[in-house]
Amino acid sequence: MNSVGEACTDMKREYDQCFNRWFAEKFLKGDQGGDPCTESFKRYQRCVQTAIKEKDIPVDGVEFMGPNKDKPES
C-alpha cells in the first residue's frame, strides 16, 4: 500500500520492512529489547504530517499514536 504522500512511499516501505523483520526475527522469539525502527518511523511520520498539511486533509480531533504516546486505556 502506498503512503498518503507520494514522497513518503519509499519511507513507508523502509519502515514496514524494518518493522516486519524485527517483529519476526526478534520480538516473536522473545527478544523484546528496543525497536530498531524508531528513527525510520519518525522520518516517515514527519513526511506524512507534511503531506497531510500540503493536501489540506482535515485531521482535527484525530488522535495519533506512535512512539512516546500514551496508549488508550482498555
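Axes are lines fitted to C-alpha atoms, for helices over the stretch in contact, and the angle between two axes runs from 0 to 180 degrees between N-to-C directions. Two packed helices are described by the angle between their axes and the distance between the axes. The structure discussed here is a predicted model.

**The helix pair**

Helix α1 spans residues 9-25 and helix α2 spans residues 38-54; their axes come within 9 Å and cross at roughly 150°. Angles over 145 degrees count as roughly antiparallel, and α1 and α2 are therefore roughly antiparallel to each other. The crossing of these two helices is left-handed. On the α1 side, the contact is made by Met11, Lys12, Glu14, Tyr15 and Cys18, while α2 contributes Ser40, Phe41, Arg43, Tyr44 and Cys47. By character, the residues of this contact divide into six nonpolar, one polar and three charged.

**Ser40 and Lys12 in the contact**

Ser40 belongs to helix α2. Its relative accessibility is 7%, so Ser40 counts as buried. Leaving aside residues up to four places away in sequence, Ser40 touches Glu14, Tyr15 and Cys18, and these three residues are among those that α1 brings to the contact with α2. A polar atom of the Ser40 side chain also lies 3.0 Å from the backbone oxygen of Cys37.

Lys12 is located in helix α1. With a relative accessible area of 14%, Lys12 is buried, since the cut-off for a buried residue is under 20%. The side chain of Lys12 makes a polar contact with the side chain of Asp16, at 2.7 Å. When residues up to four places away in sequence are not counted, Lys12 touches Met1, Asn2, Ser3 and Tyr44. Of these, Tyr44 is a residue of α2 that takes part in the contact between the helices.

**The chain start**

Met1 lies in the segment before α1. At 86% relative accessibility, Met1 counts as exposed. Met1 is nevertheless one of the residues that Lys12 touches. Eleven residues separate Met1 from Lys12 along the chain, and their C-alpha atoms are 8.9 Å apart.

**Accessibility of the residues discussed**

The table lists the relative accessibility of Ser40, Lys12 and Met1.

| Residue | Relative accessibility and class |
|---|---|
| Ser40 | 7%, buried |
| Lys12 | 14%, buried |
| Met1 | 86%, exposed |

Key. Residues are numbered from 1 along each chain as its sequence is written. This is a predicted model: local features need pLDDT of at least 70, side-chain atom pairs count only at pLDDT 80 or more; totals for chains, interfaces and linings use all residues. Side-chain values use heavy atoms; hydrogens and water are left out. Helices (H or I, at least four residues) and strands (E, at least two) are DSSP runs, numbered from the N terminus. Angles under 35 degrees count as roughly parallel, over 145 as roughly antiparallel, 65 to 115 as roughly perpendicular and the rest as oblique. A crossing is left-handed if the near helix is turned anticlockwise from the far one by less than a right angle, and right-handed if clockwise. Contact means heavy atoms within 4.5 Å. Ala, Val, Leu, Ile, Met, Phe, Trp, Tyr, Cys and Pro count as nonpolar, Asp, Glu, Lys and Arg as charged, and the others, Gly among them, as polar. Buried means under 20% relative accessible area, exposed over 50%, partly exposed in between (1.4 Å probe, protein chains only). A polar contact is a pair of N or O atoms within 3.5 Å; within protein, one must be able to donate a hydrogen and the other to accept it, and residues adjacent in sequence count only if both atoms are side-chain atoms.
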